[in-house]
Amino acid sequence: MKTKRILAIVLAAVCVLSVLALTACEFKIEGDETWSYSAEDKEGSVQLFSNFFEETFKNTNQVVTITSEGKTMSVETIDGTKDCTTYTETGATAYAFVDGDKYIYAVSSNDIDKSYWESKDYYDMNYFVFKSRLGVLDEVPADAATFTCEVEGSGKFSEDESKQSSTETLKLSVVVSEDNKLVINATSKNGLVEKATIETTADGKTRVSVISFEYGSASVTIPDLSSWTLQTELN
């Protein structure tokens with residue numbers, strides 16, 4: 001009798017779990033939602049910042065334009081494992097791409113000096129170049145500044161994914177002193193960052209840079225390197 005009773009209890013529990021599992025599978029989120037997150041230290045700020053840019057850093061079809069004080073500084077086109085960055089002031093064009101088992105970095109200055117390197121390190125430094133503009137957090141020790149970060153968002157959720165949408169804003173501040181600080185304001189739509197404005201204040205002087213993103217239309221054509229000079233020494 002005791003064995004039968006234990007078996008009955010187990011079977012009943014299994015039935016309850018099955019019902020709960022079925023209920024969970026059928027539960028769907030509908031409607032509008034809002035959310036907000038904040039951090040007041042470096043670790044939390046870095047985490048919120050990383051989460052905000054996560055999908056953008058994963059996306060491999062985008063055109064990224066950087067302006068400073070209203071002037072275009074560079075335009076970077078990322079197409080799969082290929083990257084082409086043009087630098088407006090110098091007239092240089094840099095490429096980073098994979099050729100079989102080789103990682104290539106090539107640069108043309110005013111279409112005259114054309115050189116390339118077979119280097120994984122150079123490739124890594126010139127693939128997703130714009131990240132370097134956003135990597136300043138790593139350079140500031142946690143005890144050398146005050147870190148704060150705020151993320152606010154709203155979204156519309158539906159069973160029909162085509163009807164789902166979300167927007168978020170981020171404000172990150174790294175303050176060493178009133179005359180030395182960094183403020184990044186960014187906006188995203190459906191997880192992809194559309195614009196990031198970077199205000200850098202050093203010795204009381206503030207400079208403003210803007211990074212703008214476009215997705216889905218990027219295309220990079222790799223140059224024919226047969227007439228380019230292979231550099232064997234790394235700088």
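This note covers aromatic contacts, charges over rings and strand pairing in a predicted model.

1. **Aromatic pairs overall.** Aromatic pairs in this model number 15. A pair of rings is described by how far apart the centres lie and by the angle of the planes. Two of the pairs are taken up below.

2. **Trp35 and Phe157.** This aromatic pair is tilted. The ring centres lie 6.4 Å apart. The planes make an angle of 45°. A pair counts as tilted when that angle is neither under 30 degrees nor over 60, so 45° falls in the tilted class. Note also the 6.5 Å limit on the centres; the 6.4 Å of this pair is within it.

3. **What that pair connects.** Trp35 belongs to strand β1, residues 31-39. Phe157 belongs to strand β8, residues 146-157. The two residues are 122 apart in sequence, so their pairing ties together separate parts of the chain.

4. **Exposure of Trp35 and Phe157.** Are these rings' residues buried or exposed? Trp35 is partly exposed, at 21% relative accessible area. Phe157 is partly exposed too, at 28%. Buried would require a value under 20%, so Trp35 at 21% does not qualify.

5. **Phe57 and Phe130.** Here the ring centres are 6.0 Å apart and the planes stand at 40°, so this pair is also tilted. Phe57 sits in helix α2, residues 42-58. Phe130 sits in the loop between α3 (120-125) and α4 (131-134). The pair links distant parts of the chain, 73 residues apart.

6. **Exposure of Phe57 and Phe130.** Phe57 is partly exposed, with 24% relative accessibility. Phe130, in contrast, is buried, with a relative accessible area of 0%.

7. **The aromatic cluster.** Phe57 and Phe130 both belong to one aromatic cluster. Other members include Phe49, Phe52, Phe53, Tyr103, Tyr123 and Tyr127. Phe128, Phe213 and Tyr215 are in the cluster as well.

8. **Lysines over cluster rings.** Which lysine lies over the face of Phe57? Lys131 does, at 4.8 Å from the ring centre. Lys120 takes up a position over the face of Tyr103, at 5.1 Å from the ring centre. Tyr103 and Phe57 are both cluster members.

9. **Strand pairing from β8 to β10.** Strand β8, which holds Phe157, runs antiparallel to β9 (residues 165-177). Eleven bridges join the two. One of the bridge partners is Ser165 in β9, opposite Lys156. Strand β9 also runs antiparallel to β10 (residues 180-189), through ten bridges. There, Leu170 has Ala186 in β10 as its bridge partner. A hairpin of two residues connects β9 to β10.

Conventions:
Residues are numbered from 1 along each chain as its sequence is written. This is a predicted model: local features need pLDDT of at least 70, side-chain atom pairs count only at pLDDT 80 or more; totals for chains, interfaces and linings use all residues. Side-chain values use heavy atoms; hydrogens and water are left out. Helices (H or I, at least four residues) and strands (E, at least two) are DSSP runs, numbered from the N terminus. Buried means under 20% relative accessible area, exposed over 50%, partly exposed in between (1.4 Å probe, protein chains only). A charge sits over a ring if NZ of Lys or CZ of Arg is within 6 Å of the ring centre and within 35 degrees of the ring normal. Two strands pair if DSSP finds at least two bridges between them.
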